[in-house]
Amino acid sequence: MRALLLLPLLFLGNTSAEPAPFGHGWVGLRPLPRDERDHKSNHGGSWAGTPTYAEQKGQYPFVAENVDLVKGWLGGDFKTKRMFMEHYWGLGGDRDHPDPGKNLLIQTIRKWETEGGTIEHILLCREYRLAIHRGHDKAKPGPFKEDTRILYAEDIDQIRRIFKEAHARGLTRHDNYKIMMMVEHPSFFATDERVKPIVDRVEGIAYEAHQFNRHWPLETGWSKPEEVIKGARWTLDQGKDYVFYFGPIIWKGPQIEHPKNKRYEPFIERQWLQTYWEMGLPKHHPRMHYYLNTFPHGCGRGRPVGPETDPHSTTGFTKWLIEEIKGGKP
């Protein structure tokens, strides 16, 4: 099994439509909080004093060796230099400036490539619903009221032009990058024919499944398995990549947003994934990727980052997921 887990990642092209050459996709991780600088964040509640990856240096060797992609950090113990990004379009200002020299997306790509990173996936969408309440008064929704995260076709065409021009100016390593369009609804994009020409313009779909607010409980919440599976299978059938972006996940105590919700149960985050798999969400598919978004939202605040030998820690959960996806288990 060890040999399987250490198979080299041979599919190198940033814009190739070819899937990974083995029978599973990638496992990615958003490592937060990285160190004390992230304690200033208050997304989903204050992060002050929360456990960090820096404090666990040397305590997650398996994850450091075997995780495929990371987001927003080339520090820590991680051996991979492959990265994924998130970016919100349509907020105005530098975020979607047409000049590559001023465009925040290009600046971010350039930063990580300059530091030795390889950008594999860009999770990209219009984030109107949340952004308009967080000071982005120029934020505009996408073309569909059913899912305002979906991009306009013109957005994608413009982004491709910016990629090309940025590369021509020597700002980026490549003249194109894989766009995983983040969606809010788990299956609308797959069932409404109006969305098909937009999906045809991107390399894949990314869906976020949280363990709080309207996503709870799993059986009847926003991310109920039937709808997620419908969207994932349709995407894979189109020859596209699908990113299941899981988290934030809950921790001990009642959920802050809905105090009447069920209290934390040990390994409930694993139970959710196992339920998805048992009901038909592809587990071992070369275009099916699992990324963990385990930052300390209010309902997950206090979960230890490590060591990875602690199965309740973030790195312990990541180790389990790597073994499940890359270790050949059914």
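This section describes the overall make-up of a predicted model, followed by its helix packing, one buried arginine and some backbone features.

The chain contains ten helices and eight strands, and 56% of its 330 residues are buried. Its exposed surface amounts to about 13,900 Å², of which carbon and sulfur atoms supply 51%. When contacts between residues at least 6 apart in sequence are considered, 70% of them join residues that are at least 24 apart.

Three helix pairs illustrate how the helices are arranged with respect to one another. Helix α3, comprising residues 104-114, packs against helix α5, comprising residues 153-168, at an angle of about 45 degrees, and their axes are 11 Å apart. At this angle α3 is oblique to α5, and the crossing of the two helices is right-handed. On the α3 side the residues involved are L105, I106 and I109, which meet I159, I162, F163 and A166 of α5. Classified by residue type, this contact has seven nonpolar residues, with no polar and no charged ones.

Helix α9 takes part in two further pairs. With helix α8 (residues 225-237), the axes come within 10 Å and cross at roughly 60 degrees, an arrangement that makes α8 oblique to α9. The crossing of α8 and α9 is again right-handed, and the contact is formed by P225, E226, V228 and I229 of α8 together with T275, Y276 and M279 of α9. The residues of this contact comprise five nonpolar, one polar and one charged.

With helix α10 (residues 314-326), the axis of α9 (residues 268-279) comes within 11 Å, and the two cross at roughly 20 degrees. Because angles under 35 degrees count as roughly parallel, α9 and α10 are described as roughly parallel to each other. Their crossing is right-handed, and the contact draws on E269, R270, L273, Q274 and W277 of α9 and on G316, F317, W320, L321, E324 and I325 of α10. Six of the residues in the contact of α9 with α10 are nonpolar, two are polar and three are charged.

Attention now turns to a single residue, R126, which lies in strand β4 (residues 118-126). Its relative accessibility is 9%, and R126 therefore counts as buried, since the limit for that class is under 20%. Beyond its neighbours within four places in sequence, R126 is in contact with several residues, among them W89, G90, K140, P141, Y152 and D155. Another of these contacts is I150, a residue 24 places from R126 along the chain, with the two C-alpha atoms separated by 6.3 Å.

Several features of the backbone were also noted in loops. The peptide bond from L32 to P33 is cis, with omega near -10 degrees, and P33 is found in the loop between β1 and α2. A cis peptide bond likewise joins W216 to P217, with omega near -5 degrees, and P217 belongs to the loop between β6 and α8.

The loop between β6 and α8 also holds N213, which has a positive phi of about 40 degrees although it is not a glycine. With a relative accessibility of 25%, N213 counts as partly exposed. A positive phi, near 65 degrees, is found for F267 as well, again in a residue other than glycine. F267 is placed in the loop between β7 and α9, and its relative accessible area of 27% makes it partly exposed.

Notes:
Residues are numbered from 1 along each chain as its sequence is written. This is a predicted model: local features need pLDDT of at least 70, side-chain atom pairs count only at pLDDT 80 or more; totals for chains, interfaces and linings use all residues. Side-chain values use heavy atoms; hydrogens and water are left out. Axes are lines fitted to C-alpha atoms, for helices over the stretch in contact, and angles run from 0 to 180 degrees between N-to-C directions. Helices (H or I, at least four residues) and strands (E, at least two) are DSSP runs, numbered from the N terminus. Angles under 35 degrees count as roughly parallel, over 145 as roughly antiparallel, 65 to 115 as roughly perpendicular and the rest as oblique. A crossing is left-handed if the near helix is turned anticlockwise from the far one by less than a right angle, and right-handed if clockwise. Contact means heavy atoms within 4.5 Å. Ala, Val, Leu, Ile, Met, Phe, Trp, Tyr, Cys and Pro count as nonpolar, Asp, Glu, Lys and Arg as charged, and the others, Gly among them, as polar. Buried means under 20% relative accessible area, exposed over 50%, partly exposed in between (1.4 Å probe, protein chains only). Accessible areas come from the Shrake-Rupley method with a 1.4 Å probe; for residues, only the protein chains shown count as cover.
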